[in-house]
Amino acid sequence: MTDGRTVLITGAAGGIGSVTARALAAKGFHVFAGVRDPERAVTETFADSPEGIEPIHLDVTSPDSVEEAVAKVPGPGRRLVGVVNAATAEYHGPLEILPMEFVRHELEVNYLGPLAVTRAFTPQLRATGGRVVNISSINGLCVFPSIGASCAAKYALEASSNALRMELRRWGIHVVLVNPGAVRTPLWPRSLRAFESLPDKVHADQLRLYYPAWSRSVERARVDQDRMLKLAAHPTRVSEAIVHALTSARPRSRYLVGWDARVLAMARWILPTRAFDTLASYTFRE
Ligand SMILES: NC(=O)c1ccc[n+]([C@@H]2O[C@H](COP(=O)([O-])OP(=O)(O)OC[C@H]3O[C@@H](n4cnc5c(N)ncnc54)[C@H](OP(=O)(O)O)[C@@H]3O)[C@@H](O)[C@H]2O)c1
């Protein structure tokens with residue numbers, strides 16, 4: 001039975017977003033699970049019809065879609081107390097050759113989208129003293145080769161979150177950042193599929209500059225992904241941080257989730273730039 005407290009989550013079709021939707025619904029929240037394909041969400045992600053979860057169409061890159069969501073959320077007798085920005089799209093590849101459409105799309109989904117959603121729902125959050133939880137990444141604090149576009153999008157999300165935290169404080173709206181390390185979600189195979197499609201979009205000469213033997217590079221990327229996924233945290237580790245950010249009387253401004261995130265953030269803090277570059281190049285070899 002929900003008690004009227006309502007949270008909107010973007011990117012709730014899978015991964016961290018869907019796990020967080022379930023965790024919040026179990027705590028009595030009414031959860032609007034923002035997805036791009038509500039039908040698929042009903043038949044797949046939330047096929048067991050968990051009480052308190054209402055899938056809603058929300059493509060964070062579409063102003064019309066955001067506007068439609070504003071008209072539906074929170075619904076009669078409810079109050080919006082939180083917005084969780086979890087939608088993401090990530091592409092791997094060196095910045096010189098990564099197609100610009102990928103770079104733009106990353107900025108749209110990971111930076112401009114969350115900003116547009118936050119702006120659209122701020123009037124409601126102002127009325128309730130609600131909270132914004134932005135899912136950043138360790139990539140928002142440290143930069144690694146081959147995922148420079150993802151890092152740039154997360155750094156932009158970090159900067160806008162920090163500014164919003166100061167700007168919205170006067171209305172009691174907390175803006176919280178969550179920085180996970182590696183988490184076991186469909187994001188990894190999805191990014192790998194996009195990486196595998198690079199030869200369709202990048203000229204062979206350019207591709208050879210970074211990947212002299214393409215098939216070997218793809219194989220290495222798969223091996224690296226398997227290695228990362230073995231060490232990766234379960235998404236509940238992240239959802240616990242999000243629930244704390246939304247329910248604690250004293251939410252933190254930042255939650256680092258996972259030993260890898262903590263070690264890398266500390267290394268970035270204490271190591272000189274060149275030493276960190278060496279560590280980062282080893283950590284992310286692709
Ligand atoms: N997994 C990790 O290792 C990891 C590590 C650090 C940080 N994070 C962060 O955690 C958050 C959640 O990631 P995740 O691992 O749960 O990823 P995920 O499993 O890939 O889920 C991301 C969701 O975003 C949705 N999405 C994509 N484009 C969208 C758009 N334009 N509008 C609305 N939704 C859209 C996808 O929906 P469709 O199904 O419709 O494509 C997908 O359900 C992200 O911010 C990510 O950067 C993840």
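Hi everyone, let's start at strand S7, residues 254-257, where the side chains alternate. Tyr 255 and Val 257 point to one face and are buried, while Arg 254 and Leu 256 point to the other face and are not buried. That fits the textbook picture: in a regular strand, side chains alternate between the two faces of the sheet. One thing to keep in mind as we go is that this is a predicted model.

So what does S7 pair with? Its partner is strand S6, residues 174-180; the two run parallel and are joined by four bridges. If you'd like a spot to click on, Asn 179 stands opposite Leu 256 in S7.

Now let's zoom out to the sheet. Seven strands make up an open sheet with parallel pairing, and the order is S3-S2-S1-S4-S5-S6-S7. Which strands sit at the edges? Those are S3, residues 53-57, and our friend S7, each pairing on one side only. On average, neighbouring strands in this sheet are turned by 20° against each other, ignoring direction.

Over at the S3 edge, strand S2, residues 30-35, pairs with S3 through five bridges, again in the parallel sense. Here Val 31 is the residue standing opposite Ile 53 in S3.

Finally, the helices. Helix H1, residues 15-26, packs on the sheet and touches S1 (5-9), S2 and S3. The direction of H1 makes about 175° with that of S1. Helix H4, residues 100-128, also packs on the sheet, with contacts to S1, S4 (79-85) and S5 (131-135). For H4, the angle with the direction of S4 is about 155°.

Thanks, everyone, and I'm happy to take questions!

Methods: Residues are numbered from 1 along each chain as its sequence is written. This is a predicted model: local features need pLDDT of at least 70, side-chain atom pairs count only at pLDDT 80 or more; totals for chains, interfaces and linings use all residues. Side-chain values use heavy atoms; hydrogens and water are left out. Buried means under 20% relative accessible area, exposed over 50%, partly exposed in between (1.4 Å probe, protein chains only). Two strands pair if DSSP finds at least two bridges between them. Axes are lines fitted to C-alpha atoms, for helices over the stretch in contact, and angles run from 0 to 180 degrees between N-to-C directions. Contact means heavy atoms within 4.5 Å.
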